[in-house]
Amino acid sequence: MTTSPQRAGKAPAWTSYGIDVVRGALIGTAETVPGVSGGTVALVTKVYDTAITSAGHLISGVVRTVSDLPRGKGMGRAAGEFRSVSWRTIIPLLAGMFAALLIMASLMEVWVEEHPVQTRALFFGMVLASLWVPYSMSKTAPAKDSSGGHAPWTWKDGLAALVTAVVVYVLVSLPPGDFEATAPVIILSAAVAICALVLPGLSGSFLLLTIGLYQPTLSAVNDRDLAYLGLFALGAVIGLGSIVKVLQWLLEHRKRITLVVLTGLMAGSLRALWPWQTDDRGLLAPGDHLGTAITLGLVGFGVVVAVMVVEARMTRKQETSPAA
């Protein structure tokens, strides 16, 4: 697992907290855009492992609190789980995420509606560049038949990624739905959408759009509809509890194949971001705003490459700096 730099040595400088707030803001912004995965942004900014591991410990702590306290066993086991959470990373991440969600919800509602081709083109370039992150991480993760170190993909890895990409391609090709926003539908939709948050390549906003609850959810955020948001939060908690522990175990014990599958997830999700589509998500040949779309796609690609270069330099600097 990737160790958060805040836990490796002395307490982090304020700049580290600021960087994590920005990372959280990028993740939150991504979650407001249909087709763009917050998990992808977490992978690119190198906080995915830390976030999943911390969420797993937090869920275990809550479960042990609920099970141990009524039986008089105290908070010992739960406290151990809570101490394992990388709070110095998670708290700034969450602060940035929630701030971005509140700010970007209204902006994205207008931008996605009025400039769909340009929006998809920008994020198509970003996700395309982001494919390098899980792919490169999977090559450095030990394979079953190796002793560790760098190992190229085998044909089995390629097949697993291809099958995953095809499945996701089909899923994101489904036409939008239109469900009534009843309490069960909101809870179930939130559970599914929050699972997409922690799976790079799957967009929670896109799944909400497929179900037909994207606009109602954005409106609830903008209008501060606490009843709707409360039901959505309940579904989110249910979704997180059902998938985060599984992902935590996979990243700890089956990291290589997990990253291979995540690469396929992201590749298949590019179908949702093709700039020219019908209202029912049928693909069209390049047409309107071609020059702008190409430019924005290149800008998105370049932004992600720049972020990866900065992250790589920061990582090398942390690895070569003397331990405190």
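This tour moves through the salt bridges of the model, then to a buried threonine and a nonpolar surface patch.

The model is predicted, so local features need pLDDT of at least 70 and side-chain atom pairs count only at pLDDT 80 or more, while totals for chains, interfaces and linings use all residues. Residues are numbered from 1 along each chain as its sequence is written, and side-chain values use heavy atoms, with hydrogens and water left out.

Begin with the three salt bridges that the structure holds, each a side-chain nitrogen of Lys or Arg within 4 Å of a carboxyl oxygen of Asp or Glu. Select R23 and D20, whose side chains meet at 2.7 Å, N to O; both lie in helix 2 (residues 14-31; helices are DSSP runs of H or I, at least four residues), and both are buried (under 20% relative accessible area, 1.4 Å probe, protein chains only).

Next select E81 and R64, which form a salt bridge with the closest N and O atoms 2.9 Å apart. This pair links helix 5 (residues 76-83), where E81 sits, to helix 4 (residues 48-68), where R64 sits.

Then go to D157 and R256, a salt bridge at 2.9 Å, N to O. Because D157 lies in helix 9 and R256 in helix 14, the pair ties together parts that are 99 residues apart in sequence.

Stay in helix 14 (residues 255-269) and select T258, which is buried at 7% relative accessibility. A polar atom of the T258 side chain lies 2.7 Å from the backbone oxygen of R254.

Finish at L174, in the loop between helix 9 (155-171) and helix 10 (183-197), and one of the residues making a nonpolar surface patch of about 1,100 Å² (residues with over 30% relative accessible area and no salt bridge, nonpolar side chains Val, Leu, Ile, Met, Phe, Trp and Tyr being joined within 5 Å and like charges within 9 Å).

Key. Areas by Shrake-Rupley, 256 points an atom, 1.4 Å probe, with all protein chains shown as cover. Helix = DSSP H or I, 4+ residues; strand = E, 2+ residues; numbered from the N terminus. Buried < 20%, exposed > 50% of the residue type's maximum accessible area, 1.4 Å probe, protein only. Polar contact = N/O pair within 3.5 Å; in protein donor to acceptor, adjacent residues only side chain to side chain.
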